[in-house]
Amino acid sequence: MSGPRLCMYTFILAWFFQSCVVKKHIDFPSQYLPEGYRLVWNDEFNTNGTLDPANWSYEEGFVRNEELQWYQKENAFIKNGNLIIEARRDKRANPLFVAGSNSWRKNREYINYTSACIITKGLQEFQYGRFEMRGKINTSPGLWPAFWTLGVKQDWPANGEIDIMEYYKGKLLANIASAGKNGKPKWFSRTKSVDSLGGKEWSAKFHVWRMDWDETEISLFVDGQLLNKVLLTSLQNENNAVIHPFKQKHYILFDLALGGMNGGDLGDTKFPNRMEIDYVRVYQK
């Protein structure tokens, strides 16, 4: 191949690859320099298609909290510069089904909904820093979206959980959990009603959730408004665990759950339904 045909072929290839990349104006590396932070990791979700396997893996199946959705990787994808996690109504046989089982994962004959949970475990893990996400969540009944972290060592809740963004039943939650004396979670939680923020009009827009986490405290924000602050001295496990849950590395999770123990009834919520993430960034001093 040579001459005009080669030039045309090169042009088509260049156009194709450019069409798969969304170019954003990004001027964030210096954003927090005055506070001593530098960017150490980010995903801007700029290339259409599947997620970067260097950053993300996927949970699969019925995972936690008796939720309605079956997690699968197909429900997470990048489109037009955003990570999309899509919940779908999708009836099919449950491969785990066992008639008469006492397990909530096995006694459901059918999968009625699918969604996705993506995680950075074993790939991108951090101790301390400023974690930031810009996203949009649907606040219809029964939806339970979250942007959160878990510690890499010890079992839950002794590994520590931080819910930077969580929503269900009309309210945002900013939660931090460690283990109590009985081994059950010890929660430090604050809530904010979506109606107080602007209701449906607020939900239709993108917002910025942030965590500041250092050797002394964890603070959780939405759009710069402080929702919760807890000292690490209050977050030590009470079950004789040697490792402090928030003096170790944590990994990141994004998910869109449905119903279950906290999500509530789906009512007339429409499907498919989405949460959209513009970016996730981690800064450290």
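Trainee: What counts as a helix or a strand here?
Mentor: Both are DSSP runs, numbered from the N terminus. A helix is a run of H or I with at least four residues, and a strand is a run of E with at least two. Keep in mind that this is a predicted model.

Trainee: Got it. So where is lysine 169 found?
Mentor: Lysine 169 sits in the loop between S11 and strand S12 (171-179). Its phi is near 50°, a positive value in a residue other than glycine.

Trainee: Why point that out?
Mentor: Because most residues other than glycine have a negative phi.

Trainee: Is lysine 169 buried or exposed?
Mentor: Exposed, with a relative accessible area of 54%. The cut-off for exposed is over 50%.

Trainee: And what about phi of aspartate 223?
Mentor: Aspartate 223 has a positive phi too, about 50°. This residue lies in the loop between strand S15 (217-222) and strand S16 (225-231). Aspartate 223 is partly exposed, at 41% relative accessible area.

Trainee: Switching to peptide bonds. Which residues does a cis bond join?
Mentor: One cis bond joins tryptophan 156 and proline 157, with omega about 5°. Another joins phenylalanine 271 and proline 272, with omega about 0°. Most peptide bonds are trans.

Trainee: Where are those prolines found?
Mentor: In loops. Proline 157 is between strand S10 (143-151) and strand S11 (161-168). Proline 272 is between helix H4 (260-263) and strand S18 (273-284).

Trainee: Zooming out, how many helices and strands are there?
Mentor: Four helices and 18 strands. The radius of gyration is 21 Å, close to the 19 Å from the globule rule for 285 residues, so the protein is as compact as a globular protein of that length.

Trainee: How much of the protein is buried?
Mentor: 48% of the 285 residues count as buried.

Trainee: What about the largest nonpolar core?
Mentor: That core has 49 residues. Trp56, Trp209, Ile218, Ile252 and Phe254 have the most contacts inside it.

Trainee: Pick isoleucine 218. What is it in contact with?
Mentor: Leaving aside neighbours within four places in sequence, its contacts include Ile162, Ile176, Met211, Trp213, Val230 and Phe246. Asp212 and Lys229 are also among them. Apart from the largest core lies another, of 12 residues, including Trp144, Trp148, Leu150 and Leu173.

Trainee: Last one. How many charged side chains are there?
Mentor: 36 positive and 32 negative. The centres of the two sets lie 1 Å apart.

Key
Residues numbered from 1 in each chain as written. Predicted model: local features only at pLDDT ≥ 70, side-chain atom pairs only at ≥ 80, totals over all residues. Heavy atoms only, no water. Rg over C-alpha atoms; globule rule 2.2 N^0.38 Å. Buried < 20%, exposed > 50% of the residue type's maximum accessible area, 1.4 Å probe, protein only. Lys, Arg positive; Asp, Glu negative; His and termini not counted. Charge placed at Lys NZ, Arg CZ, Asp CG, Glu CD. Core = buried A, V, L, I, M, F, W, Y, C linked by side-chain atoms within 4.5 Å. Contact = heavy atoms within 4.5 Å.
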